[in-house]
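Q: Please take me slowly through one part of this structure, beginning with a single pair of residues and working outwards. I am new to it, so a connected account would help me more than a list.

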Amino acid sequence: MSEIDLIPLKKELPKFIPLGRSGLLPALHAAQKLYGWLPQEVAAEIAKSLRVPLADVHGVIEFYSLFYNEPVGRSFIRVCTDQACALKGADRLLGNLCKHYDVEPGQTTEDLSLTIERSPCLGLCEQAPAALVDDDAQTNIAPNFQSYDLGIPRSIVYGSIHELTANCGNGTTTLAKYGEYLAYQKALKMKSEDVITEIKSSGLVGRGGAAFPTGIKWEGAAKAEGLQKYIVCNADESEPGTFKDRILLLDDPHRTIEGICIAAHAIGASKGYIYIRAEYPYVIPVLEKALNEAREAGYLGQSFDIEIRVGAGAYICGEETALFESIEGKRGFPRVKPPFPTTNGLFDKPTVINNVETLCNVPLIISKGALKYRKMGTEKSPGTKLFCISGDVVKPGLYEIPFGATLRELLKMAGGVAGKKSLKAVLFGGAAGAFATSEHLNVKMTFEDLRAAGLPLGSGVVMVFDETRDIRDALKRLGKFFAHESCGKCYPCQMGTQRQMEILDRVASGGVLPGDFFRLEDVGWTMTESSLCGLGQTAASAVLSAMKLWPGLFGESQKSNVEGRKISKVSKNSKVPNTVKKSIVKKTTSKVVKKKVSKVKSKAIKKVTKKAAKKK
Amino acid sequence: MTVTFLMDGKEVIADENKTLLEIARENGIDIPTICFHEVTTANALCRICVVEVEGQRVLQPACIVKGASNMKVQTRSEKVVRARRTILEMLASTMDLSEASEIQMMMYEYGASSSRFPDAERRESEIKDDNPMYVRDYSKCLLCWRCVQVCAEDAQYTFAINFDGRGFETQIGTFFDRTIPETSCVLCGQCVAVCPTGALKPKREFLLEKGISPQEISVLNTGRKKRK
């Protein structure tokens with residue numbers, strides 16, 4: 001394989017060398033741009049230059065689904081087959097595309113001109129079905145793919161109030177249009193403690209899903225010892241059904257940048273990062289341009305600057321500590337907490353990490369003042385909230401409303417269920433969320449009311465299913481999603497997401513086995529209660545909610561709990577009699593199970609070809 | 001400084017820097033472990049050591065959570081047993097535990113059934129016999145990470161091995177699947193020493209188990225050469 005010319009790579013690498021290991025993902029991205037994939041020689045050269053062990057470079061390439069260690073097409077079509085797109089016929093579209101180009105999903109054409117892949121949610125849910133064609137978003141694709149929109153996706157913005165979305169819906173807002181960073185200038189005149197007090201009094205809580213009080217987070221990092229501190233903007237928006245950050249960053253990048261600047265001042269950070277998912281390639285130049293405008297205006301570049309980091313296809317990197325690992329050039333494994341990021345975050349330094357929408361609230365709070373900000377929303381949930389409405393509604397899009405409207409009002413705003421059909425369910429909060437039904441229509445959209453109703457607000461996903469939809473298909477996709485995205489670190493999630501997927505496949509195909517209901521419950525419960533990070537702890541959330549709402553969907557298996565499993569007392573220090581031991585051994589070794597045919601084909605093929613490439 | 005708290009209803013006093021696992025062991029309370037090993041950094045990834053701590057939203061891994069005053073810890077509550085049993089059942093449905101006697105004991109103790117998950121995909125792999133010192137059978141690997149850790153910063157700083165894939169499809173691997181002699185491996189044997197399941201096995205043991213006699217082995221060029 002000596003035909004690979006390393007000279008272009010050697011020209012690129014010097015700029016990554018000062019970053020050390022942290023330069024690994026940027027270097028791999030640059031190399032993949034040059035060669036189309038990552039051949040062994042290229043990976044070895046990067047390892048040598050950045051002084052990263054070969055095996056570690058290999059581990060990183062293997063972890064991220066958008067790094068390829070085998071030749072792939074010069075062009076890529078990544079068809080989203082997650083929930084919102086599936087409702088709009090993504091499977092048929094993918095099938096037609098593959099037939100047209102004579103490939104299977106996950107395969108490359110013989111002339112290496114094109115690879116077609118299934119993709120996890122691309123964040124284009126309101127314009128489904130959607131695909132990513134190289135760096136362009138392809139949306140509203142007709143099943144025969146003869147008509148579609150291509151390029152930077154449109155921003156469809158509605159709602160009853162436009163605070164966070166004031167500049168959204170009309171293309172990118174340049175700095176000239178955005179105006180001066182007045183809130184930042186105001187904050188700079190304030191003591192950093194006072195900025196934090198203002199954020200605390202505003203009652204702002206994180207909008208990424210965990211709803212942690214932002215002011216308390218900032219205070220923790222501000223008070224933490226250490227001269228070097230970081231502010232990180234989590235733009236790894238990957239929760240299926242979520243697209244708010246895409247719109248905020250595309251249409252109004254300066255609001256986020258200003259929010260980051262204020263946070264940096266409050267906690268004393270000299271460096272900021274925006275970590276954006278690779279599935280938003282069209283957002284990156286917009287952000288770069290905005291950062292340059294901010295540098296020219298003097299907001300950035302002197303005592304504080306911001307660097308963009310791009311993910312490489314891993315939902316788990318939206319988890320804060322996994323995101324740090326990714327910036328540090330490692331596999332995106334979540335860390336054990338405590339210690340928390342506020343004391344031991346990025347590069348083990350005190351770090352604040354906030355979601356894009358959270359940061360967009362910051363300039364608003366500083367310029368209005370906490371008191372006035374609190375006039376919006378409710379007592380316990382102040383401010384406004386962005387909802388990503390997709391699926392079977394008349395007007396899917398991004399909706400900004402003050403906290404407190406009911407689900408009914410929100411759906412009415414979106415024109416109600418499409419096609420004059422009635423509502424079957426709403427998937428609330430994303431894949432890691434829960435199902436709601438028409439019984440929940442009067443629930444108010446606030447943290448406290450939703451919590452009481454057992455619905456997670458999550459990242460603001462409201463995905464609507466009409467009466468004709470088969471929830472089992474939705475569950476099957478959820479199962480696949482989590483099995484694909486589990487990092488594999490902790491046992492409950494690593495194996496639980498796989499077992500959950502297998503059972504949900506059986507549920508969807510009507511082939512449930514006796515005991516499947518309890519098996520699924522045990523797996524879901526164990527993931528929720530004992531996983532290491534938020535991914536595993538919520539990987540069964542929607543499934544468990546569906547089991548409560550529609551137990552009948554899971555076949556007759558619930559009645560046939562043949563194993564009769566009750567929590568029995570466990571004897572301590574019990575010795576295993578030899579006979580039992582033998583029988584266990586026999587069972588475990590003799591049980592040969594055929595590979596499931598229904599396994600995600602693209603995944604299987606990719607695995608096989610990856611392995612084949614390695615052998616070369 | 002010491003801390004005083006309740007573990008299984010019994011008052012325990014311990015050094016404030018001790019983990020719940022250490023404190024339990026000092027007090028004769030058995031908490032099972034799989035990935036934990038005294039010489040490697042605790043990663044809390046197998047979750048078999050989880051315990052119930054009052055006031056905590058989810059179960060807590062005893063190998064890293066430290067004891068604190070006024071804590072109330074249950075090491076064998078219903079929740080704990082359910083989690084441990086399900087994890088064990090999932091392990092049995094995933095890999096070959098035939099040589100993992102400690103885990104077999106745990107399965108018996110927790111009433112875990114090795115056939116709980118029928119029609120489940122297993123992680124299977126061909127035996128890799130590519131060097132004179134040890135054999136790798138990743139069908140037996142339960143991804144405790146210990147081998148990767150001792151090969152890296154926890155002991156040897158050799159960095160010969162890392163991970164292939166992710167999620168359920170994770171496997172221990174080398175740079176582009178190179179054979180061990182083609183990696184930075186120095187054949188120190190520490191990975192073999194910390195492997196809990198026989199996935200890594202000394203070559204000689206592997207051959208003896210195959211019924212090859214010591215006399216035959218010594219001429220197979222897998223160690224010392226036969227003197228003439």
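A: In this predicted model, C233(A) stands opposite N354(A), which lies in strand 10 of chain A. That pair belongs to a longer run of pairing, for strand 7 of chain A, which covers residues 230-235, is joined to strand 10 of chain A by five bridges, and the two strands run parallel. Both strands are part of an open sheet of four strands in chain A, whose order is 9-8-7-10 and whose pairing is parallel. At its edges stand strand 9, residues 305-310, and strand 10, residues 351-355, each of which pairs on one side only. From one strand to the next, the twist of this sheet averages 20°. As a general point, side chains in a regular strand alternate between the two faces of the sheet.

The next element to look at is the helix that meets this sheet. Helix 12 of chain A, residues 253-267, lies across strand 7, strand 8 (271-276), strand 9 and strand 10 of chain A, and its direction makes about 150° with strand 7 of chain A. Within the span of helix 12 sits I262(A), and if residues up to four places away in sequence are set aside, I262(A) touches A183(A), Y184(A), A187(A), V195(A), V362(A), P363(A) and I366(A). I262(A) also has a place in the largest nonpolar core, a set of 255 residues, where I262(A), A263(A), I267(A), L410(A), V462(A), L91(B) and C147(B) touch the most other members. That list holds residues of chain A as well as L91(B) and C147(B) of chain B.

With that part in view, the other sheets of chain A can be set beside it. One is an open sheet of six strands with the order 6-12-11-15-13-14, and its pairing is mixed. Strand 6 (157-159) and strand 14 (434-436) of chain A stand at its edges with a single partner strand each, so one side of each is left without a neighbour in the sheet. Neighbouring strands here are turned by 30° against each other on average, when direction is ignored. Strand 6 of chain A pairs in the parallel sense, over three bridges, with strand 12 of chain A, residues 397-402, and within that pairing G159(A) has E400(A) as its bridge partner in strand 12. Helix 24 of chain A, residues 541-549, packs on this sheet by touching strand 13 (423-428) and strand 14 of chain A, and its direction makes about 35° with that of strand 14.

Elsewhere in chain A the pairing runs in the antiparallel sense. Strand 3, residues 131-133, and strand 4, residues 136-139, are joined by three bridges and run antiparallel, with A131(A) opposite Q138(A). These two strands form a hairpin with two residues between them, and D134(A), in the turn, has a positive phi of about 50°. Strand 4 also pairs with strand 5 of chain A, residues 149-151, over three bridges and again in the antiparallel sense, and in that pairing T139(A) stands opposite D149(A).

The picture can now be widened to take in the second chain. In all, 60 residues of chain A are in contact with 58 residues of chain B. The side of chain A that touches chain B draws at least two residues from each of helix 4 (54-63), helix 20 (471-485), helix 21 (491-509), helix 22 (516-530), helix 25 (578-590) and helix 26 (601-615) of chain A. Its largest share, nine residues, comes from helix 21 of chain A. Sorted by class, this side of chain A has 22 nonpolar, 20 polar and 18 charged residues.

Among these helices, helix 4 of chain A can be followed further. Helix 4 is mostly covered, with 10 of its 10 residues buried, including D56(A), H58(A) and E62(A) as well as L54(A) and F63(A). Its buried residues pack against helix 2 (24-35) and helix 3 (40-50) of chain A, together with strand 7 (162-164) and strand 8 (171-173) of chain B.

Chain B itself has seven helices and nine strands, and 50% of its 228 residues are buried. Its C-alpha atoms fill a box of roughly 70 × 45 × 35 Å along the principal axes. As for confidence, chain B averages a pLDDT of 95, with 96% of the residues scoring at least 70, and the model scores ipTM 0.95 and pTM 0.92.

Conventions: Residues are numbered from 1 along each chain as its sequence is written. Chains are lettered from A and ligands numbered from 1 in the order in which they are written. This is a predicted model: local features need pLDDT of at least 70, side-chain atom pairs count only at pLDDT 80 or more; totals for chains, interfaces and linings use all residues. Two strands pair if DSSP finds at least two bridges between them. pLDDT is the predictor's confidence in each residue, from 0 to 100. Two residues are in contact if their C-beta atoms, placed from the backbone, lie within 7 Å. Ala, Val, Leu, Ile, Met, Phe, Trp, Tyr, Cys and Pro count as nonpolar, Asp, Glu, Lys and Arg as charged, and the others, Gly among them, as polar. Axes are lines fitted to C-alpha atoms, for helices over the stretch in contact, and angles run from 0 to 180 degrees between N-to-C directions. A residue is buried if 20 or more other C-beta atoms lie within 10 Å of its own, exposed if 12 or fewer, and partly exposed in between; C-beta atoms are placed from the backbone. A nonpolar core is a set of buried Ala, Val, Leu, Ile, Met, Phe, Trp, Tyr and Cys residues joined through C-beta atoms within 7 Å.
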